[in-house]
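Biologist: Please take a close look at a single part of this model and work outward from there. Start with what that part touches, then describe the elements around it and the charged pairs.

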Amino acid sequence: MDDDIPTEWLRAVLPLAVLAAVAEEDTYGYAVAQRLQAGGLGTVKGGTLYPVLNRLEADGLLTSSWREGVGGPGRKFFAATPAGRDHLARRSAAWHTFTEQARSLLPDPRSTR
């Protein structure tokens, strides 16, 4: 992860970011980690990622199924449930509202003042 991003910020947004990655398409853990890294959240290790995926599944926001691997072992794929997609829409809206409000309180680093 980028050293400029505090761990507690990642911890706060990670479940929502993971849900968003899975909602894009049915996928497996390693691909989710790659998507998060490409999105700027840095390297999210399996010891952090898989408990989040399992929690989202336990909460009914994701389902999982094992699929045969191409030339390798099978993989556990995750898919967003209708409840997961609804949760993603509501929480994303709330996240954007929250970050906009927080931004209005913080100094703009691009400001010359």
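**Thr 27 and its surroundings**

Modeller: Leaving aside residues up to four places away in sequence, Thr 27 touches Ala 21, Val 22, Val 32, Lys 76, Phe 77 and Phe 78. The model is a predicted one, and what follows is computed from it. Thr 27 belongs to strand S1, which covers residues 27–28. With a relative accessible area of 8%, Thr 27 is under the 20% limit and therefore counts as buried.

Several of these contacts can be placed in named elements. Phe 78, in S3, is the bridge partner of Thr 27. Lys 76 also lies in S3, which runs over residues 75–80. Val 32 is one of the buried residues of H2.

The pairing of S1 comes next. S1 and S3 are joined by 2 bridges and run antiparallel. On S2, residues 62–67, the link to S3 consists of 6 bridges, and these two strands are antiparallel as well. One pair in this second set is Thr 63, which stands opposite Ala 79 in S3. Together the 3 strands make an open sheet in the order S1-S3-S2, with antiparallel pairing. S1 and S2 are the edge strands, each pairing on one side only. Thr 27 therefore sits in an edge strand and is nonetheless buried, at 8% relative accessible area.

Helices pack on this sheet. H1 touches S1, S2 and S3, and its direction makes about 95° with that of S3. H3 lies across S2 and S3, running at about 115° to S2.

H2 contributes Val 32 to the contacts of Thr 27. The buried residues of H2 are Gly 29, Ala 31, Val 32, Ala 33, Leu 36 and Leu 41, and what covers them includes H1, S1, H3 and S3. The span of H2 is short: a straight helix of 13 residues would reach 18 Å at 1.5 Å a residue, but H2 has only 15 Å between its end C-alpha atoms. After H2 comes Gly 42, with a positive phi near 80°.

Leu 36 leads from H2 into the nonpolar core. The largest such core has 23 residues, and the members that touch the most others are Val 18, Leu 36, Leu 49 and Leu 62. H1, H2, H3 and S3 each supply at least two residues of this core, and H1 gives the most, with 9 residues. Beyond residues up to four places away in sequence, Leu 36 touches Leu 14, Ala 17, Val 18, Leu 41, Gly 42, Val 44 and Leu 49. Val 18 and Leu 49 thus appear both in this list and among the core members that touch the most others.

The charged pairs remain. Side chains of opposite charge can pair when their charged atoms come close. The whole structure holds 5 salt bridges. One of them involves a contact of Thr 27: Lys 76 and Glu 57 meet at 3.9 Å, N to O, which falls within the 4 Å cut-off. Lys 76 is in S3 and Glu 57 in helix H3 (residues 46–58), so this pair ties together parts that are 19 residues apart in sequence. Lys 76 is partly exposed at 27% relative accessibility, and Glu 57 is partly exposed at 24%.

A second salt bridge joins Glu 24 and Arg 35, whose closest N and O atoms are 3.2 Å apart. Glu 24 lies in H1 (residues 7–24) and Arg 35 in H2 (residues 29–41), so the pair ties together parts that are 11 residues apart in sequence. Arg 35 is partly exposed, with a relative accessible area of 38%.

Asp 86 and Arg 90 form another salt bridge, at 3.0 Å from N to O. Both residues are in helix H4 (residues 82–105), 4 residues apart, which means a separation of about one helical turn. Each is partly exposed: Asp 86 has a relative accessible area of 42%, and Arg 90 stands at 47%.

Notes. Residues are numbered from 1 along each chain as its sequence is written. This is a predicted model: local features need pLDDT of at least 70, side-chain atom pairs count only at pLDDT 80 or more; totals for chains, interfaces and linings use all residues. Side-chain values use heavy atoms; hydrogens and water are left out. A salt bridge is a side-chain nitrogen of Lys or Arg within 4 Å of a carboxyl oxygen of Asp or Glu. Buried means under 20% relative accessible area, exposed over 50%, partly exposed in between (1.4 Å probe, protein chains only). A nonpolar core is a set of buried Ala, Val, Leu, Ile, Met, Phe, Trp, Tyr and Cys residues joined through side-chain atoms within 4.5 Å. Contact means heavy atoms within 4.5 Å. Two strands pair if DSSP finds at least two bridges between them. Axes are lines fitted to C-alpha atoms, for helices over the stretch in contact, and angles run from 0 to 180 degrees between N-to-C directions. The expected span of a helix is 1.5 Å times one less than its number of residues.
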